[in-house]
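Student: I keep meeting words like "buried" and "oblique" in structure descriptions. Can we go through some of them with the model open?

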Amino acid sequence: MLGFLVATDDSIMDMIERWRPLFLALAVCGAAGVLLLGGQESLPATAVRDLACWTALLAMLGYGRRHLGGGSKAVAYCNEAAFPLYVLHQTFLVAVGFSVLRHADAGPLPYMVIMTVSFALSLITYEIARRWSLTRFLLGLGRRKPPTAPS
């Protein structure tokens with residue numbers, strides 16, 4: 001509910017966009033504090049962690065509003081791809097993870113392989129599927145927009 005109220009109030013979103021550098025600085029300091037305090041569950045450690053999370057969220061909102069609000073082709077592509085990639089990634093994540101972790105489960109390399117391969121497979125599948133009406137429908141995409149002639 002709070003997110004809806006913040007996102008629909010232009011004066012609050014303007015303030016978040018204006019103060020985004022401060023929020024980013026606070027988030028970085030908070031992240032350093034979280035690393036220094038380790039896994040403590042004390043009240044100060046919880047407060048630092050919560051502050052870092054909230055300020056990071058506000059920084060992302062501010063920078064996103066500033067740099068992703070335009071009508072670029074990249075933003076339009078990512079907007080359309082978000083839901084299908086969300087739907088597809090789970091299948092690939094489980095399949096690739098099962099396969100990779102059967103052979104190697106120590107260190108960060110297997111997890112990097114899982115992340116990279118599952119993302120690539122999701123993106124490739126989306127790119128193939130977005131070209132046909134039936135697969136567009138199955139992935140929750142709208143009808144294809146006809147290309148507009150340059151004016």
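Tutor: Sure, let's begin with a definition: buried means under 20% relative accessible area, exposed means over 50%, and partly exposed is in between, using a 1.4 Å probe and protein chains only. Keep in mind that this is a predicted model, where local features need pLDDT of at least 70, side-chain atom pairs count only at pLDDT 80 or more, and totals for chains, interfaces and linings use all residues. Residues are numbered from 1 along each chain as its sequence is written, and side-chain values use heavy atoms, with hydrogens and water left out.

Student: Why does Arg-136 count as buried or exposed, whichever it is?

Tutor: Arg-136 has 4% relative accessibility, and the limit for buried is under 20%, so Arg-136 counts as buried. Arg-136 lies in helix H7. Helices are DSSP runs of H or I with at least four residues, strands are runs of E with at least two, and both are numbered from the N terminus.

Student: What is Arg-136 in contact with, leaving aside its neighbours within four places in sequence?

Tutor: Contact means heavy atoms within 4.5 Å. With those neighbours left aside, Arg-136 touches Glu-80, Ala-129, Arg-130, Leu-141, Gly-142, Arg-143 and Arg-144.

Student: Gly-142 is on that list. What makes Gly-142 buried, partly exposed or exposed?

Tutor: Gly-142 has a relative accessibility of 47%, so it counts as partly exposed. You'll find Gly-142 in the segment after helix H7 (133-138). Gly-142 and Glu-41 are 101 residues apart in sequence, and their C-alpha atoms are 47 Å apart in space.

Student: And how do you know which class Gln-90 belongs to?

Tutor: Its relative accessibility is 43%, so Gln-90 counts as partly exposed. Gln-90 sits in helix H5 (residues 73-103). From Gln-90 to Ser-118 you go 28 residues along the sequence, but 8.5 Å in space, C-alpha to C-alpha.

Student: What about Asp-105, is that one buried or exposed?

Tutor: Asp-105 has a relative accessible area of 56%, so it is exposed. Asp-105 is in the loop between H5 and helix H6 (109-129). Leaving aside neighbours within four places in sequence, Asp-105 is in contact with Pro-110 and Tyr-111.

Student: Now the helices. What makes H2 parallel, perpendicular or oblique to H3?

Tutor: The axes of helix H2 (residues 10-18) and helix H3 (residues 20-37) come within 5 Å and cross at roughly 60°. That angle makes H2 oblique to H3. Under 35 degrees counts as roughly parallel, over 145 as roughly antiparallel, 65 to 115 as roughly perpendicular and the rest as oblique. The axes are lines fitted to C-alpha atoms, for helices over the stretch in contact, with angles from 0 to 180 degrees between N-to-C directions.

Student: Which residues of H2 and H3 meet?

Tutor: Met-15, Ile-16, Glu-17 and Arg-18 in H2 meet Arg-20, Pro-21 and Phe-23 in H3. By class, this contact has four nonpolar, no polar and three charged residues. Here Ala, Val, Leu, Ile, Met, Phe, Trp, Tyr, Cys and Pro are nonpolar, Asp, Glu, Lys and Arg are charged, and the others, Gly among them, are polar.

Student: Why does H2 have its own label against H4?

Tutor: The axes of H2 and helix H4 (residues 43-67) come within 8 Å and cross at roughly 100°, so H2 is roughly perpendicular to H4. On the H2 side, the contact is made by Asp-10, Met-13, Asp-14, Ile-16 and Glu-17, and on the H4 side by Leu-58, Leu-61, Gly-62, Arg-65 and Arg-66. The classes there are four nonpolar, one polar and five charged.

Student: And how many helices and strands are in the chain?

Tutor: The chain has seven helices and zero strands.
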